[in-house]
2 protein chains.
Amino acid sequence: MANYSKQREAILNELHSRCDHPTAAQVYESVRQVIPNISLGTVYRNLASLVESGEILSVTVGDGYEHYDGDKSFHLHLHCKCCGAIIDTKVQDEKIKNIVDFDGFTPENSVCVVYGLCKNCKLQ
Amino acid sequence: MANYSKQREAILNELHSRCDHPTAAQVYESVRQVIPNISLGTVYRNLASLVESGEILSVTVGDGYEHYDGDKSFHLHLHCKCCGAIIDTKVQDEKIKNIVDFDGFTPENSVCVVYGLCKNCKLQ
DNA sequence: TCTAAAAGTAGTAATCATTACTACTTTTTA
DNA sequence: TAAAAAGTAGTAATGATTACTACTTTTAGA
């Protein structure tokens with residue numbers, strides 16, 4: 001089990017206080033405002049352990065960076081291939097089970113990315 | 001528009017002929033049986049252009065490799081955190097739209113990964 | 001409280017999947 | 001055909017992420 005550390009607490013707080021999907025480097029830049037000499041390796045290690053323990057999710061959209069999400073509730077990520085935005089959209093949680101055949105698989109977390117064009121980019 | 005090349009055709013054939021989700025290195029190993037001196041860079045370049053053109057999908061499950069999928073139909077990837085298996089499961093396509101609020105977003109492709117335990121690993 | 005073991009950290013070096021580059025080959029178009 | 005455009009093999013470079021080490025913090029038991 002993981003011990004307490006103010007670094008991990010600060011990283012988790014940062015992810016809970018924002019609604020976007022920052023990369024490790026972006027989390028590092030923000031947490032440095034609170035713990036100036038925190039190291040980038042510490043950010044990576046804690047993000048990995050938080051994903052491992054299921055406290056946060058990691059999201060990949062194919063831009064070469066891993067993104068992190070403090071919102072564990074089931075939702076889709078709409079990734080605009082034009083502007084790169086990652087937009088959250090809720091799903092009616094209880095209904096998803098009716099249309100998916102899990103066949104004995106025990107789901108814990110999920111990360112769904114839908115690629116396409118956002119409203120703004122579609123108009124341009 | 002992309003020109004024809006036997007390398008890209010072989011890569012696309014390979015992805016269409018298998019039901020798993022190979023990495024670039026695994027595609028390289030297979031396609032080498034057909035085109036022995038194909039280069040790994042060519043595999044990467046063509047996989048990227050096939051993803052770009054929407055002919056295949058890339059799937060990330062957090063194991064450090066990008067995986068590729070020749071099946072573009074909407075389905076979920078069940079990723080077992082124990083054995084690492086990636087299991088496909090169908091979704092009743094037309095029903096998904098009723099439970100997701102796309103709010104003007106135009107979806108093109110989607111890659112959904114559900115993390116958890118597969119039937120076998122659950123029993124052990 | 002102490003105190004030693006366990007876990008975590010900062011800072012730096014190393015890794016390695018992926019991308020970029022270059023000289024050459026294949027495909028396309030007219 | 002022939003020249004332009006696109007693609008390739010082979011190799012070098014990139015850079016996000018991971019590993020390593022000496023030091024610090026946390027934890028649990030006396």
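**View 1. The surroundings of A:Val27 in the predicted model.** In this predicted model, A:Val27 touches A:Ile11, A:Glu14, A:Pro22, A:Val43, A:Leu47 and A:Tyr68, leaving aside residues up to four places away in sequence. A:Val27 is also a good place to start on the largest nonpolar core, which holds 54 residues. Together with A:Val113, B:Val27 and B:Val113, A:Val27 touches the most other members of that core.

**View 2. Chain A from end to end.** Here you can trace 5 helices and 5 strands in chain A, in the order α-α-α-β-β-β-β-α-β-α along the sequence. The C-alpha trace of chain A spans about 45 × 45 × 25 Å along its principal axes. Of the 124 residues in chain A, 31% are buried. If you like contact maps, take the contacts in chain A between residues at least 6 apart in sequence: 56% of these join residues at least 24 apart.

**View 3. Where the two domains of chain A meet.** The domain assignment divides chain A into domain 1, residues 6-69, and domain 2, residues 75-123. Their C-alpha centres lie 21 Å apart. Across the boundary, 7 residues of domain 1 of chain A are in contact with 8 residues of domain 2 of chain A. On the domain 1 side, the touching residues comprise 3 nonpolar, 3 polar and 1 charged.

**View 4. The interface between chains A and B.** In this view, 34 residues of chain A are in contact with 34 residues of chain B. On the chain A side, the elements that give two or more residues are strand 1 (57-60), strand 3 (75-80), strand 4 (86-90), helix 4 (93-99), strand 5 (106-117) and helix 5 (119-123). Strand 5 of chain A provides the largest share of that side, with 12 residues. Sorted by class, the side of chain A that touches chain B has 17 nonpolar, 10 polar and 7 charged residues.

**View 5. The axis relating the two chains.** Chain A superposes on chain B, with an RMSD of 0.0 Å, after a rotation of 180 degrees and 0.0 Å of shift along the axis. This is the relation of a two-fold axis. Look for A:Cys112: within chain A, its C-alpha is the nearest to the axis, at 1.9 Å. The same surface serves both copies, as 100% of the contact residues of chain A recur in chain B.

**View 6. The protein surface near DNA strand C.** Around DNA strand C there are 25 residues, and A:Ser5, A:Gln7, A:Thr42, B:Tyr4 and B:Gly41 come nearest. Helix 1 (6-17) and helix 3 of chain A, along with helix 3 of chain B, each supply at least two residues of this surface. Helix 3 of chain A gives the largest share, 4 residues. The surface near DNA strand C is made up of 8 nonpolar, 13 polar and 4 charged residues.

**View 7. The protein surface near DNA strand D.** DNA strand D is surrounded by 25 residues, the closest being A:Tyr4, A:Gly41, B:Ser5, B:Gln7 and B:Thr42. Two or more residues of this surface come from helix 3 (40-52) of chain A, and likewise from helix 1 (6-17) and helix 3 (40-52) of chain B. Helix 3 of chain B gives the most, with 4 residues. By class, the surface near DNA strand D has 8 nonpolar, 13 polar and 4 charged residues.

Notes
Residues are numbered from 1 along each chain as its sequence is written. Chains are lettered from A and ligands numbered from 1 in the order in which they are written. This is a predicted model: local features need pLDDT of at least 70, side-chain atom pairs count only at pLDDT 80 or more; totals for chains, interfaces and linings use all residues. Domain bounds come from an automatic or database domain assignment. Ala, Val, Leu, Ile, Met, Phe, Trp, Tyr, Cys and Pro count as nonpolar, Asp, Glu, Lys and Arg as charged, and the others, Gly among them, as polar. A residue is near a molecule or strand if its C-beta atom, placed from the backbone, lies within 6 Å of it. A nonpolar core is a set of buried Ala, Val, Leu, Ile, Met, Phe, Trp, Tyr and Cys residues joined through C-beta atoms within 7 Å. A residue is buried if 20 or more other C-beta atoms lie within 10 Å of its own, exposed if 12 or fewer, and partly exposed in between; C-beta atoms are placed from the backbone. Copies are superposed by least squares on the C-alpha atoms of residues with pLDDT of at least 70 in both.
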